[in-house]
Amino acid sequence: MEEEYIATEHILPEKVAKKRLAIDESESRVGDSIEIVDSNQSLLAPRAKRIKSEIRKIAVPPHRYSALKENWMKIFTPIVDNMKLQIRFNTKLRQVEIRSSSETPDLSNLQKGVDFVKAFLCGFDADDALALLRLDDLFIETFEIKDVKTLRGDHMSRAIGRLAGKGGRTKFTIENVTKTRIVLADSKIHILGAYQSIQLARRAICNLILGSPPSKVYSNLRSVAGRISEKI
């Protein structure tokens, strides 16, 4: 005797049959979705935590643009190799951008890199500014002649001439005695060195601006420098 397959739709009422079909379909969909989620979770690798990098931007003055291009490798190499920072020159905005990376050992390196680039842009030689990366007790002080005495026209020019001296002799003497580096940028004066040395050089420069003769400034410098060396 042959067995006959009888569909449930013919036995159960029409509404009950439709409900069962809907339930079966929804259960199968849920099962498929659970399998897909499990497979995706197994494929996804654990994400590494992103370290938030800090960025600093330094505007490049127009008169230092060509000097920066010529000495770019002298600035780029120590910042990338020694400080483990990332640096680039944005030609559109005319600014140097320095950023910390995952390889940067200390965030203080970012500030050192910024000080190094700023020192170069102020007019210091790249080799002199490099000391800011190696030593912690070096600073840059900037002031203007008008902060010491209000001078205009020829009086300003004569004051700048007194600071430089014949062939830059006065400036070199102050640098050698106080162990600093000085940049005369028009009416602005930048001094690079240790705190005590900067104060000594600034006092000598202020005396020259106020009209003291260079010979008197030299003698005062040597006596003060001698006393400091004796204390050390």
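**Exercise 1.** How many bridges join β2 to β3, and do these strands run parallel or antiparallel?

*Solution.* Bear in mind as you work that this is a predicted model. Start with the pair itself: β2 and β3 are joined by 6 bridges and run antiparallel. For a concrete example, take F89, whose bridge partner in β3 is V96. Now widen the view to the open sheet, which has 3 strands in the order β1-β3-β2 with antiparallel pairing. β1 (55-59) and β2 each have a single partner strand, so these edge strands are each left with one side lacking a neighbour in the sheet. Finally, from one strand to the next the twist averages 20°.

**Exercise 2.** Find which strands α4 lies across and which strands α5 touches.

*Solution.* Begin with α4: this helix lies across β2 and β3, and runs at about 155° to β2. Then turn to α5, which packs on the sheet and touches β1, β2 and β3. The direction of α5 makes about 5° with that of β1.

**Exercise 3.** Describe the largest nonpolar core and say which element gives the most to it.

*Solution.* First, the size: this core has 30 residues, and L68, V96, I98 and V117 have the most contacts inside it. Next, the contributors: elements supplying at least two residues each include α3 (65-70), α4 (72-82), β2 (85-90), β3 (95-100) and α5 (108-122). Among the contributors, α5 gives the most, with 7 residues. Then zoom in on V117: beyond its neighbours within four places in sequence, V117 is in contact with I58, I75, I79, I87, V96 and I98. Last, look apart from this core for another, of 20 residues, including I189, I209, V217 and L221.

Definitions and conventions: Residues are numbered from 1 along each chain as its sequence is written. This is a predicted model: local features need pLDDT of at least 70, side-chain atom pairs count only at pLDDT 80 or more; totals for chains, interfaces and linings use all residues. Side-chain values use heavy atoms; hydrogens and water are left out. A nonpolar core is a set of buried Ala, Val, Leu, Ile, Met, Phe, Trp, Tyr and Cys residues joined through side-chain atoms within 4.5 Å. Buried means under 20% relative accessible area, exposed over 50%, partly exposed in between (1.4 Å probe, protein chains only). Helices (H or I, at least four residues) and strands (E, at least two) are DSSP runs, numbered from the N terminus. Contact means heavy atoms within 4.5 Å. Two strands pair if DSSP finds at least two bridges between them. Axes are lines fitted to C-alpha atoms, for helices over the stretch in contact, and angles run from 0 to 180 degrees between N-to-C directions.
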